[in-house]
Amino acid sequence: MLLQLRISSALRRREAGQALGLPSPMYVGPIALSRRVLVLHAFRSAQQTRFAISLRRPGSIMSWSTIESDPVALSRRVLVPHAFRSAQQTRFAIPLRQPGSIMSWSTIESDPVAPSRRVLVLHAFRSAQQTRFPIPLRRPGSIMSWCTIESDPGVFTELIQQMQVKGVQVEELYSLDLDSLNNLRPVYGLIFLFKWRPGEKDDRVVIKDPNPNLFFASQVINNACATQAILSILMNCPDIDIGPELSKLKEFTRNFPPELKGLAINNSEAIRTAHNSFARPEPFVPEEQKNATKDDDVYHFISYLPVDGVLYELDGLKEGPISLGQCPGGPGDMDWLQMVQPVIQERIERYSRSEIRFNLLAVIKNRRELYTAEVKELQKKRERILQQIAALQAERLVDNGNYEALNESLSETNASIEAATEKILMEEEKFKKWRTENIRRKHNYIPFLFNFLKLLAEKKQLKPLIEKAKHKSSNSR
């Protein structure tokens, strides 16, 4: 009865509104009520759809529209809260179905007038003809997307630092010989980049039983395999200080299956922001996601690391981790590195000899911190030697054989301190180089190039250069 009274009242208000030239609210019947999703609209004119919102203006109506609640519609629903402030009839020409507006908040001023004009606009809609959902994850500018990043130790090291992980860096390996691996100890894990081939058979047994001590997440995100390979190592090494964000994620997803862990990574704003900080500026953004074809080269990252005495291969595209055998020791030991060496070598040999596009990266302890701690220990050792030499001198036992041995030990210690200090300087120079390269990777050169071409055109130099390039290209064929 109450529902019928409200509907009758709405009909009377609609008739009165039509007499005043105001937009009428939508009819809300019993069927619509059972399917409704509350969509708050604030609009002034039925003809002008640019949302000239001003709540203080008489005639603005707040109505509720309905959409169907079928599974397809619900899967495509997007809640978009907006906070608007209207000043001098500002028109917000924002397409509500534009992918870039998803889960975003517009900025408002915090003066006393603004809150009175603020409107939260909740949108949930379904498009049957031209739907843009699900959103292409490869769109660099779209929210919730993941960009492709370069397989580079400087990129991965900064990415780890942005996730608030401490005491870790990434180094590139150019050889699988044990001497190279030994020089990098402790090695927390290895990340292997290879060309992914669809349909490739793998008869190895996949562990599907959950292991509370092993963090394994399925890859449910495009372009995020590099970050996920890094996380597979960071989350499984208790010796690493992974910071508050990753610690919360690890604890929150402890009992999750691999699929939900992958979704949790996708929903982590801290991880996604760190990953997307390396997005390259794109002058043109495709409207639709381009799927890889058989002629495209697709690359994939996987991780190798020891956990609780077992050597694992963690591949987010598989249903679970793969055990490579029992492996005593931990990241600081050579045992697991000796075991993983032939595994990676065998994987490389599966490809033709002409295929050289592989990359092997090691997640290791921060070298600068390691060498700094080494210098401090050597300095303490030197102080002890100096005290012993001073004691012998006080007792006038300089002709003693111990005195010569202490002097020799002092010389060796001083040489070790100099060598370690030199390594620290080299690490600082390397990190400085990485920072410079990453700044260049992230910098947007498009405005410069645009203005440069514009200046060339103004000086009548652009067209001759284009013709010269065309002529040179035709001659080289």
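This passage looks at a glutamine in a strand, a helix with a buried side, and a nonpolar patch on the surface of a predicted model.

A good place to begin is Gln-169, a residue of strand E3, which spans residues 168-173. With a relative accessibility of 0%, Gln-169 falls well within the buried class, because that class takes in values under 20%. The side chain of Gln-169 comes to 2.9 Å from the backbone nitrogen of Arg-367. Arg-367 also appears among the residues that Gln-169 touches beyond four places in sequence, in a run that includes Ala-362, Val-363, Ile-364, Lys-365, Asn-366 and Arg-368. Further contacts of Gln-169 include Thr-157, Glu-427, Lys-430, Phe-431 and Trp-434.

Helix H8, made of residues 243-252, offers a view of how one helix is placed among others. Its buried residues are Gly-243, Leu-246 and Leu-249. These residues lie on the same side of H8, because the arc they cover around the axis is only 105°. Their packing partners are helix H7 (225-234), helix H9 (258-267) and helix H10 (269-276). On the face of H8 that points away from this buried side sit two exposed residues, Lys-248 and Phe-252.

Turning to the surface, Tyr-445, Phe-448, Leu-449, Phe-452 and Leu-453 together form a nonpolar patch of about 520 Å². Within this group, Tyr-445 belongs to the loop that links helix H13 (401-442) to helix H14 (446-458). Tyr-445 is classed as partly exposed because its relative accessibility is 41%, a value between the 20% and 50% limits.

Note on methods: Residues are numbered from 1 along each chain as its sequence is written. This is a predicted model: local features need pLDDT of at least 70, side-chain atom pairs count only at pLDDT 80 or more; totals for chains, interfaces and linings use all residues. Side-chain values use heavy atoms; hydrogens and water are left out. Helices (H or I, at least four residues) and strands (E, at least two) are DSSP runs, numbered from the N terminus. Buried means under 20% relative accessible area, exposed over 50%, partly exposed in between (1.4 Å probe, protein chains only). A polar contact is a pair of N or O atoms within 3.5 Å; within protein, one must be able to donate a hydrogen and the other to accept it, and residues adjacent in sequence count only if both atoms are side-chain atoms. Contact means heavy atoms within 4.5 Å. Patches are made of residues with over 30% relative accessible area and no salt bridge: like charges are joined within 9 Å, nonpolar side chains (Val, Leu, Ile, Met, Phe, Trp, Tyr) within 5 Å. Accessible areas come from the Shrake-Rupley method with a 1.4 Å probe; for residues, only the protein chains shown count as cover. A salt bridge is a side-chain nitrogen of Lys or Arg within 4 Å of a carboxyl oxygen of Asp or Glu. The arc is that of the directions from the helix axis to the C-beta atoms.
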